[in-house]
Amino acid sequence: MSVHQSNIKRVTTHILQEMKARGEKISMLTAYDFSMAKILDAAGIDILLVGDSASNVMAGNETTLPITLDQMIYHATSVIKAVKRAFVVVDIPFGSYQGNSSEALRSAIRIMKESGAHAVKLEGGREIKESVLRILSAGVPVMGHLGLTPQSIYKFGTYTVRAKEEEEAKRLLEDAKILEECGCFAIVLEKIPAKLGEQVAKSVNIPVIGIGAGGGVDGQVLVTHDLLGITKDFQPRFLRRYADLFNVMTEAVQGYIKDVKGKEFPNKKESY
Ligand code: KIV
């Protein structure tokens with residue numbers, strides 16, 4: 001029986017660990033607001049990620065870099081209010097943890113205290129080890145993020161597949177083990193070869209959740225607006241669209257405009 005079908009009231013890090021151990025795949029999606037989080041939680045999603053992709057999806061920025069800690073806390077607070085079952089993870093945004101473990105701890109504590117979230121996510125491996133350890137020492141669960149790390153986009157220069165070369169793949173595998181040793185409860189792997197994704201998932205005991213990392217990992221994450229087809233132009237190979245809400249919404253709005261212009265809305269029944 002899956003966690004979704006069972007009586008478990010809330011997903012925890014312990015339950016996620018058990019899911020990996022028994023081979024049940026973990027489902028994870030992004031959420032940035034109350035209404036969407038309510039739908040996703042009621043649908044049975046295991047993990048909701050208040051991703052810094054809110055910078056692109058909600059604020060229209062080209063990268064994830066501009067979003068602030070205050071803005072992430074605002075999104076997380078809205079999501080938490082909607083959630084009854086899912087485990088909620090919040091991205092610590094760019095500039096709020098890199099190179100300064102005291103600041104990392106302060107940022108994590110602000111997120112946990114002000115939003116009521118359940119965990120935080122940080123991008124990077126050995127270079128953020130001190131920050132990860134400091135946050136964990138305060139009792140805050142940490143999710144790692146390796147492979148394509150969008151907060152470092154200007155260092156890499158492109159959004160292409162990462163760790164295709166042996167040396168980078170070896171480093172990524174080592175970083176995953178370092179994050180596990182530190183005490184991270186899970187790791188996201190973004191846009192890496194499927195073979196490497198599977199190798200990482202087999203090499204660590206904590207759940208590995210992939211986005212463009214193939215089917216051999218312990219779970220999958222997508223940006224909800226991509227899955228629902230609200231975003232239109234973003235078409236990476238790893239994305240499967242489960243709906244075409246861009247067109248559904250456009251048609252609905254066009255219908256409304258037509259009715260308003262044609263004086264067909266509101267009718268008598270819709271008036272007081
Ligand atoms: O911010 C985000 O949405 C993410 C996912 C792509 C994993 O980090």
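## Polar contacts of the ligand

A polar contact is here a pair of N or O atoms within 3.5 Å, and in this predicted model a polar side-chain atom of S53 meets that cut-off, lying 2.5 Å from an oxygen atom of the ligand. A polar side-chain atom of D52 is found 3.0 Å from an oxygen atom of the ligand, while for D91 the corresponding separation between a polar side-chain atom and a ligand oxygen atom is 3.1 Å. Taken on its own, the ligand has 260 Å² of accessible area, of which the protein covers 95%.

## The surrounding shell

The residues that surround the ligand are T30, L49, G51, D52, S53, D91, K121, H145, V188, E190, I211 and V223, so that S53, D52 and D91, named above for their side-chain contacts, belong to a wider shell whose composition by class is 4 nonpolar, 4 polar and 4 charged residues. With regard to the protein surface, the space that the ligand takes is the largest pocket.

## Domain arrangement

The domain assignment divides the protein chain into domain 1, which spans 3–241, and domain 2, which spans 245–272. When the centres of domain 1 and domain 2 are taken over C-alpha atoms, they are separated by 39 Å.

## Backbone features

Two details of the backbone may be set beside this description. The peptide bond that joins F265 and P266 is cis, with omega at about 0°, and P266 is placed in the segment that follows α11 (245–261).

K191, although not a glycine, has a positive phi of about 50°. The loop that holds K191 runs between β6 (186–190) and α9 (194–203), and E190, one of the residues surrounding the ligand, is the residue at which β6 (186–190) ends.

Methods
Residues are numbered from 1 along each chain as its sequence is written. This is a predicted model: local features need pLDDT of at least 70, side-chain atom pairs count only at pLDDT 80 or more; totals for chains, interfaces and linings use all residues. Side-chain values use heavy atoms; hydrogens and water are left out. A residue is near a molecule or strand if one of its heavy atoms lies within 4 Å of it. A polar contact is a pair of N or O atoms within 3.5 Å; within protein, one must be able to donate a hydrogen and the other to accept it, and residues adjacent in sequence count only if both atoms are side-chain atoms. Accessible areas come from the Shrake-Rupley method with a 1.4 Å probe; for residues, only the protein chains shown count as cover. On a 1 Å grid over the protein atoms alone, a cavity is a set of points where a 1.4 Å probe fits but cannot get out, and a pocket is an open set with protein on both sides within 12 Å along at least five of seven lines; lining residues have an atom within 4 Å of a point. A molecule sits in a cavity or pocket if more than half of its atoms lie within 2 Å of its grid points. Ala, Val, Leu, Ile, Met, Phe, Trp, Tyr, Cys and Pro count as nonpolar, Asp, Glu, Lys and Arg as charged, and the others, Gly among them, as polar. Domain bounds come from an automatic or database domain assignment. Helices (H or I, at least four residues) and strands (E, at least two) are DSSP runs, numbered from the N terminus.
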